[in-house]
Amino acid sequence: MAGPSGSGGPAARWKRHIVRQLQQRDRTQKALFQELVPAYNHLLEKAELLAQFSEKLQSEPNDVTPATHQGPWEEELWSDSDLFQSPATLRVKWQEEEEGLRLVCGEMAYQVVEKSVALGTLESELEERRSRLAALEARVAQLQEARAQETEKADARQARNSALREAYEALRAHTRLQEVALRRLEEEARDLLERLVQRKVRAAAERNLRNERREKAKQVRVSHELKKAAKRTVSISENPDTPGNGIREKAEMTLTLPAEPEFLEGEAGEKWKRPFRSASATSLTLSRCVDVVKGLLDFKKRRGHSIGGAPEQRYQSIPVCVAARPPTRAQDVLDAHLSEVNAVRFGPNSNLLATGGADRFIHLWNVVGGRLEANQTLEGAGGSITSLDFDPSGSQVLAATYSQAAQLWKVGEAQSKETLSGHTDKVTAAKFKLTRHQAVTGSRDRTVKEWDLSRAYCSRTIHVLSYCNDVVCGDHVIISGHNDQKIRFWDSRGPRCTQVIPVQGRVTSLNLSHDQLHLLSCSRDNTLKVIDLRVSNIRQVFSADGFKCGSDWTKAVFSPDRSYALAGSWDGALYIWDVDTGKLESSLRGPHCAAVNAVAWCYSGTHAVSVDQARKIVLWS
């Protein structure tokens, strides 16, 4: 019954256990019958002897004497009794013993019958158990066969897994080699890019130097020609018969001066006899002539080398930030709007800024002496203001509103100039492109639109899988940040998305550096990321203890020189990070008591502004 030693170990144990239990039961039952059967046999022998003795007594009742009928049984009776008894007494006694023996035999026979029945029951139970044991053995055989099959499958699967593991290890090794090669290629690409930039810088410097030399040579040539022209003389003769003023100029130019008279009678005579110079030569000095020519050249340069062309829009000069310093203190705090302020933007000249809020107003402010002075209020917005932007000249303001449109104002006019309609949901972002006649808007209707502002016409619609929270524009690229945790790049000259960069969290804002080489993104995972657009990867990730985005439109910005990144937190604090080191430079607290929605840094780098959900605007320096 025991199975194989390898696979039938547990089955052999329970089989041996059943056999031991059956043997124990047989020993117990057998012990009971071992005492009963000999006693029953002894009683049967006694009963047979008594029956024989009774028959003898019945056949010879009067011949019985103690001396003649002595046998083995008499000796036994005499041994059992101390006194001799009469045959009648013995007969009665024997009859009583016979009846008792019959009763005992009946009881024993009944017990034998009961034990036989119990034995039959146990035998049937044993047969049943044997049949169950046989079924279990068959089931065990089936299970052993199934186990062998499963073992074969497991071995095959393990072999396949081993092969896959080896292939995976080979792929990992290959991937590591490819990553090393990729890093080497990226380093080479960076080196090549830096060398290209340096070469372009050198070429630009050489070109500028050649232009300067050419300009200087041109100025020297013009100056020389003016000097020669100043040395020329003009002969003037007076004729009273000539109509008009009676003066006739004879333009007889000579390269040599005529000889003066040998004798001069006086100062007056000398005056009339000396040859006259032309008006241009006598009324203008040499330096004045040079200045006039320079002015003409500069005017020609400003007019695009077209003196007779149409007049052009002249932009104000934009302050250039050489090295920005992070703000350290609040200079002015005002309640700017009737409800929360969502957007803030500096103009190109750094002295004008605009704020927009949920009260549907846009306020223009002048920065004068470290204070904010109200300039103008722009009215007519159809909904809450979500985004603001100035055109390159600073003469127009573009705003995104919750009224499914973007609106355009001209600085100095209170009412809206144009309304850009076409979106079917809230407009969350509106930005000018590099010209004042083109703009881009993003909306929650999952579209990004390009606009021709000269005709208020949508020139292109880009459909996206997720709604847009912010957009920025480069030379030929549109960058949009979306709610599906992705930043998408669109070529303004092509129809499709050129690149997608995933980030961890919903994108709340985008800000492009002035050199258009780096992009700053803010997302709801409470981090800011700097993306190097030259290699299209994330260069730095900024985070800080306590920093948390307060809304889906929280804005973060670069400093004008891209040395720092500035963002506001849900607790009213401003956080400033060093872009080069990635470390937290400082945090500013105090004026704000609610979540900061947006921040702005002026182009000159001297001031920063923050706005919050409690209507406050704070000027920092």
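Trainee: Which residue forms a salt bridge with Glu 137?

Mentor: Start with the rule: a salt bridge is a side-chain nitrogen of Lys or Arg within 4 Å of a carboxyl oxygen of Asp or Glu. For Glu 137, the closest N and O atoms of the pair are 3.6 Å apart, and the partner is Lys 15.

Trainee: How many residues apart in sequence are the parts that this pair ties together?

Mentor: This is a predicted model, where local features need pLDDT of at least 70, side-chain atom pairs count only at pLDDT 80 or more, and totals for chains, interfaces and linings use all residues. Numbering runs from 1 along each chain as its sequence is written, and side-chain values use heavy atoms, with hydrogens and water left out. Glu 137 sits in helix H3 and Lys 15 in helix H1 (residues 9-59), with helices being DSSP runs of H or I, at least four residues, numbered from the N terminus. So the separation is 122 residues.

Trainee: Is Lys 15 buried or exposed?

Mentor: Buried means under 20% relative accessible area, exposed over 50%, and partly exposed in between (1.4 Å probe, protein chains only). Glu 137 has 28%, so Glu 137 is partly exposed. Lys 15 has 9%, so the word for Lys 15 is buried.

Trainee: What distance separates N and O in the salt bridge of Asp 389 and Arg 345?

Mentor: Asp 389 is in strand S8 (residues 385-390) and Arg 345 in strand S4 (residues 341-346), 44 residues apart; strands are DSSP runs of E, at least two residues. Asp 389 is buried at 7%, while Arg 345 is partly exposed at 24%. Their N to O distance is 3.1 Å.
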